[in-house]
Amino acid sequence: MLYDVNLHIGYLYDTPVSGGRHIVRVLPLSLGRRQRLVAGTIGVAPVPGERVDHSDFFENPMSAILFRSNHERLDIRMQARVHVDVPQAAADFSPRLDALPSEIAGHWSLDANSPHHYTGSSPRLKDCPEITDYARGIVNPDMTVREIAAAICARIHKDFTYDAEATSVDTTPREAFKLKRGVCQDFSHVMIVALRSLGIPAGYVSGFLRTIPPPGKERLEGADAMHAWVRYWCGRVNGWMELDPTNDIPAGNDHIVVAYGRDYSDVVPVIGVLKGYGEHQTTHAVDVVPVRQPG
């Protein structure tokens, strides 16, 4: 699938702010055959005094921008053309849960995709006994890692209600779990905590969903803004795979990856500091449109 993606994130300040330093992560990744960034640009207004484009530890594209002058608003616009061709899932060669620790221990690399970075706690995801008990109640000893992940994904989708008003960006997994409501960030964080509590390496994926569904298909939840889903490590044969608990589906050609991380804190689209006072208004618009190809 070929997509044109347009994103606008805007901030309107009650009073002019002085200076400002931000990190922006909104440009889709190139991921070998799975996803290719054909072309992409990030525009910032007003024009920053300094801008450096590079990659973070997890190999996500990022732009560091610095403002020295006062400004009343900030507009970030991203335009990209992306080709997505997610391979069909291979046969399930993932180990059973009791065999997974030895496969993790046998993975000697500490690069960005190492499963060692995705076990235990991370900045936003701490141990949660309630979620651990929930996960243990879903699995049985004969299940493979892939079967466990699929079962937890389906259970969260069944037990939780998508509700954009129920939570905020700062809601913890424990709070979202208690509510059984939330958005894609909450669904993904709860699933990651559940998988890690069982010893399965799991991380957070930030990206986009196609806005216009294929004929005869229902529109997916989360297509109005940046979306989130989960990647988990299935052992040395199957490697990393991805599931979308908000919609209870594997990540496929409808999913465009922007960034990988341990949790939301590693992939925040825009984060930074500035000097000012008063309130501000934020706008966020996403448009993902399939491109008609010849033939």
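**Group meeting: a walk through the predicted model**

Let me start with one residue: Ala39 has a relative accessibility of 45%, and because buried means under 20% and exposed means over 50%, it counts as partly exposed. I should say at once that what we are looking at is a predicted model, so please keep that in mind throughout.

Ala39 sits in strand β2, and once its neighbours within four places in sequence are set aside, the residues that Ala39 contacts are Gln79, Ala80 and Arg81. For a sense of distance, take Ala39 and Ile65, which are separated by 26 residues in sequence and, measuring nothing but the C-alpha positions of the model, by 21 Å in space.

Now to the strands around it. Strand β2, which covers residues 35-45, runs antiparallel to β4 and is joined to it by 10 bridges, and within that pairing Gln35 has Val84 of β4 as its bridge partner. Strand β4, residues 61-84, is also joined to strand β1, residues 2-24, again in the antiparallel sense, and here there are 18 bridges; one of the pairs puts Val24 against Ser63 of β4. Strand β3, residues 50-55, pairs with β4 too, antiparallel and over six bridges, and Val52 finds its bridge partner in Ala64 of β4. As general background for anyone following the side chains along these strands, in a regular strand they alternate between the two faces of the sheet.

Two of the connections in this region deserve a careful look. Between β2 and β3 there is a loop that contains Pro46, and the peptide bond leading from Ala45 into Pro46 is cis, its omega being near 0°. Then β3 and β4 form a hairpin in which five residues lie between the two strands. Glu59 belongs to the loop between β3 and β4, and its phi is near 70°, which is a positive value in a residue that is not glycine.

Where else does a residue other than glycine take a positive phi? Asp248 does so, with a phi of about 55°, and its place is in the loop that runs between β9, residues 240-244, and β10, residues 249-250. Is Asp248 buried, exposed or something in between? Its relative accessibility is 32%, and because the buried class ends at 20% and the exposed class begins above 50%, Asp248 counts as partly exposed.

The two strands on either side of that loop, β9 and β10, pair in the antiparallel sense over two bridges, with Leu243 standing opposite Pro250 of β10. They belong to an open sheet of five strands, ordered β10-β9-β8-β7-β11, in which the pairing is antiparallel. The edges of that sheet are β10 and β11, the latter being residues 255-261, and since each of them has a single partner strand, one side of each is left without a neighbour in the sheet.

From the strands I move to a helix. Gln185 is part of helix α5, which covers residues 184-197, and it has a relative accessible area of 8%, so it is buried, the cut-off for that class being under 20%. Leaving out residues up to four places away in sequence, Gln185 touches Arg124, Ser168, Val169, Tyr204, Ala228 and Tyr264.

Finally, the chain as a whole. Its secondary structure comes to five helices and 13 strands. What radius of gyration would a compact globule of 295 residues have? The expected value is near 19 Å, and the protein chain has 20 Å, so the two agree. The C-alpha trace spans about 60 × 50 × 40 Å along its principal axes, and 49% of the 295 residues count as buried.

Among contacts with a separation of 6 or more, 75% are between residues 24 or more positions apart. The chain exposes about 14500 Å², of which carbon and sulfur atoms supply 52%. As for charge, there are 30 positive and 35 negative side chains, and the centres of these two sets lie 3 Å apart.

Conventions:
Residues are numbered from 1 along each chain as its sequence is written. This is a predicted model: local features need pLDDT of at least 70, side-chain atom pairs count only at pLDDT 80 or more; totals for chains, interfaces and linings use all residues. Side-chain values use heavy atoms; hydrogens and water are left out. Two strands pair if DSSP finds at least two bridges between them. Helices (H or I, at least four residues) and strands (E, at least two) are DSSP runs, numbered from the N terminus. The radius of gyration is taken over C-alpha atoms; the globule rule is 2.2 Å times the number of residues to the power 0.38. Buried means under 20% relative accessible area, exposed over 50%, partly exposed in between (1.4 Å probe, protein chains only). Contact means heavy atoms within 4.5 Å. Accessible areas come from the Shrake-Rupley method with a 1.4 Å probe; for residues, only the protein chains shown count as cover. Lys and Arg count as positive and Asp and Glu as negative; His and the chain ends are not counted. The place of a charge is taken as NZ of Lys, CZ of Arg, CG of Asp or CD of Glu.
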